[in-house]
Amino acid sequence: MMKCGICKAEMEEATVSYTEDIEQGVIVIRHVPAQVCTECGNTWYSGTVAAQLEKIVDKAVTSLSIGSEVSIINYTKSVA
Ligand SMILES: [Zn+2]
């Protein structure tokens, strides 16, 4: 079991929404696997997931059309 880097409480596996603010708007990536602290809510992504998030955001930034300020992406579909 992982311990939280902030309060040392136990982390548990959860599915979260990751939000990235960019110049053009907001990118929301849903269904992201993460570890979440049961005490303080600190969220931690594994190296693989963090790398995927970066890739998804990069792709979304370049393909985000003018006028759509919010882009909602399903993590599980983007990785598959
Ligand atoms: Zn914590």
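This passage describes the fold, the core, the first helix and a few individual residues of the chain shown above.

The structure is a predicted model, in which local features need a pLDDT of at least 70, side-chain atom pairs count only at pLDDT 80 or more, and totals for chains, interfaces and linings use all residues. Numbering of residues starts from 1 along each chain, following the sequence as written. The mean pLDDT of the chain, where pLDDT is the predictor's confidence in each residue from 0 to 100, is 91, and 96% of the residues score at least 70. Among the elements, strand E3 (residues 43-44) has the highest mean pLDDT, 96, and helix H2 (residues 75-79) the lowest, 89.

Two helices and four strands are present in the chain; helices (H or I, at least four residues) and strands (E, at least two) are DSSP runs, numbered from the N terminus. Their order from the N terminus is β-β-β-α-β-α. Along the principal axes, the C-alpha atoms fill a box of roughly 45 × 25 × 15 Å. Two residues are taken to be in contact if their C-beta atoms, placed from the backbone, lie within 7 Å. Of the contacts with a separation of 6 or more, 57% join residues 24 or more positions apart.

Burial is judged by counting other C-beta atoms within 10 Å of a residue's own: 20 or more make it buried, 12 or fewer exposed, and anything in between partly exposed, with C-beta atoms placed from the backbone. By this count, 14% of the 80 residues are buried. A nonpolar core is a set of buried Ala, Val, Leu, Ile, Met, Phe, Trp, Tyr and Cys residues joined through C-beta atoms within 7 Å. The largest such core has eight residues: Tyr18, Ile27, Ile29, Val32, Leu53, Ile56, Ala60 and Tyr75. Strand E2 (25-37) and helix H1 (47-63) are the elements that give two or more residues to this core. One of the core members, Ile27, touches Glu20, Ile22, Val57, Ala60, Ser71 and Ile73, once residues up to four places away in sequence are set aside.

Helix H1 deserves a look of its own. The 17 residues of H1 should span 24 Å at 1.5 Å a residue (the expected span is 1.5 Å times one less than the number of residues), and the end C-alpha atoms are indeed 24 Å apart, in agreement. Leu53, Ile56 and Ala60 are the buried residues of H1. These residues lie on the same side of H1 because they cover an arc of only 70° around the axis, the arc being that of the directions from the helix axis to the C-beta atoms. Gly47, Thr48, Ala51, Glu54, Lys55, Asp58 and Thr62 are exposed on the other side of H1. The cover over the buried residues of H1 includes E1, E2, strand E4 (70-74) and H2.

Strand E1 holds Thr15, which counts as exposed because it has 12 C-beta neighbours inside 10 Å. Beyond its neighbours within four places in sequence, Thr15 is in contact with His31, Val32 and Pro33. The C-alpha atoms of Thr15 and Val36, 21 residues apart along the chain, are separated by 8.8 Å.

Positive phi values also turn up in residues other than glycine. His31, in strand E2, has a phi near 60° and is partly exposed, with 15 other C-beta atoms within 10 Å. Lys8, in the segment before strand E1 (11-22), has a phi near 70° and is exposed, with 10 other C-beta atoms within 10 Å.
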